[in-house]
Amino acid sequence: MHVDVGNALAEAATPGVPEDALERLDDRVRDAHERIVAGMTAGEFGYAALNLPKTADADAIERAAEPFADSETLLNVGIGGSALGAATLVDALDSELDAYFLDNVDPEHVTALLDDVDLSETAVHVVSRSGTTAETLANFLVVREAMADAGVDWTERTVVTTGPEGNLRDLADEHDLPALDAPEGVPGRFSALSTVGLPAAALAGHDVDELLAGAREGRAALTGSLFDCPAYAYGATAYALDVRGAGVNAMMPYAESLETFAEWFAQLWAESLGKDGLGQTPARALGATDQHSQLQLYRAGPRDKLVTLVRARERDDRGIPDADLDGLDYLAGASLGELLDAEFEATEASLAESGVPNVRVELPRLDERSLGRLLYDMEAACILAGELYGVETFTQPAVEWGKEAARGLLSGERGLPEKTELVVE
């Protein structure tokens, strides 16, 4: 992976990072790297995620997916980290499989989806480490009922990923379902390259070994200097910009298939770093689409943003047909890919010209190996940033509060604090 932070330096941007400040920060990066390596070596909670390229069992994942190889549709039932990683892997690469991710409990959406798919040709992957996640179990019970109503044996269409005990584990044991073990010590948002995310990729026909090979490249590239490690260069630069006022990080991939990646990144960055009044707020954008919606704000609005531009250097292309249309002579002989590249470079130059810090992230090509490297490096960047902030990167206490409150409301055992109202009708 190639990371260019030149447009985030102080001589190019406001806020910007003086190059000598990055050099001073590199001492802290070295110390943080030593802590990260120690955590990896010990398999500590959270740090164990960076060992997945070596510990994930591709063969076991392929075996679990094999009975469903003839499926036309995938329903991945999970929420948050149990869905976004899988969705990113499936959406980023071409596949004939129709994949849907039941990560919300909107009744109209769930009903419409189940009415629309052929459940007899559908594989269901249910993901919950605890086996008690309310949204996941609720959706799975609805899917199971819909299959029964359609005359489909749900036990022949279901694979689960879960922990060693809990409702899902009991269900898998009772009905002899294919069951994968959720990785030990890996928070959900760091679990894309594991039994949580990779089964969806396998069912979509993607090469799991190549995804992990890309992640192994990222692991091998971890070193004690941000000037030698793309992942650390990104994490350290984002942190340094945040403490200088760039509290928003707009992730803007220039590939339609990476739109879900921006969603995955938003959870990773927000849930990991938003602690103790600290953390950079992720925003999601899509190039070139959002040049016509959000770029106005990025370029001319408050100077509180880092824009991260992501693209693949090589891609399949399609020519633009010649047409005798006024004002479009510049398109003659061009392709959609050339136009997208021009939009990317013009956006980067536009931001730089107005002094908005931006970072370029480039992949050789959008394939399994590069995608595995991208996800791994962003996870490593996030963990490095967490070390620099001094926060508990791998916890999410604010999320847990909301979960407990929702359960209490449904059970009648807990109410909510009194709400202040000012109603306008």
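So, the largest nonpolar core: in this predicted model, that core takes in 95 residues. If you want its hubs, the residues with the most contacts inside it are Leu222, Tyr234, Phe261, Trp264, Trp269, Val361 and Met378. And which helix gives the most to this core? That's α14, residues 368–389, which puts in 13 residues. There's also another core lying apart from it, this one of 22 residues, with Leu102, Val126, Ala146 and Leu168 among them.

Let me zoom in on one of those hubs, Tyr234. Setting aside neighbours within four places in sequence, Tyr234 is in contact with Val3, and then with Asn249, Met251, Phe265 and Trp269. Further along the chain, its contacts include Leu306, Thr308, Val359 and Val361, plus Met378 and Ala381.

Okay, next up, Glu271. You'll find this one in helix α11, which runs over residues 259–273. Buried or exposed? Glu271 has a relative accessible area of 18%, and the cut-off for buried is under 20%, so Glu271 counts as buried. As for what's around it, again leaving out neighbours within four places in sequence, Glu271 is in contact with Arg189, Thr393, Thr395, Gln396 and Val399.

Last thing, empty space. How many cavities of 30 Å³ or more turn up in a search of the whole structure? Just one. The volume of the largest cavity is about 30 Å³. Its lining is made up of Thr14 and Pro15, then Tyr298, then Pro302, Arg303, Asp304 and Lys305, and finally Val356 and Pro357. Split by class, that lining has five nonpolar residues, three charged and one polar.

Methods:
Residues are numbered from 1 along each chain as its sequence is written. This is a predicted model: local features need pLDDT of at least 70, side-chain atom pairs count only at pLDDT 80 or more; totals for chains, interfaces and linings use all residues. Side-chain values use heavy atoms; hydrogens and water are left out. A nonpolar core is a set of buried Ala, Val, Leu, Ile, Met, Phe, Trp, Tyr and Cys residues joined through side-chain atoms within 4.5 Å. Buried means under 20% relative accessible area, exposed over 50%, partly exposed in between (1.4 Å probe, protein chains only). Helices (H or I, at least four residues) and strands (E, at least two) are DSSP runs, numbered from the N terminus. Contact means heavy atoms within 4.5 Å. On a 1 Å grid over the protein atoms alone, a cavity is a set of points where a 1.4 Å probe fits but cannot get out, and a pocket is an open set with protein on both sides within 12 Å along at least five of seven lines; lining residues have an atom within 4 Å of a point. Grid points are joined across faces, edges and corners, and a volume is the space filled by probe spheres set on the points. Ala, Val, Leu, Ile, Met, Phe, Trp, Tyr, Cys and Pro count as nonpolar, Asp, Glu, Lys and Arg as charged, and the others, Gly among them, as polar.
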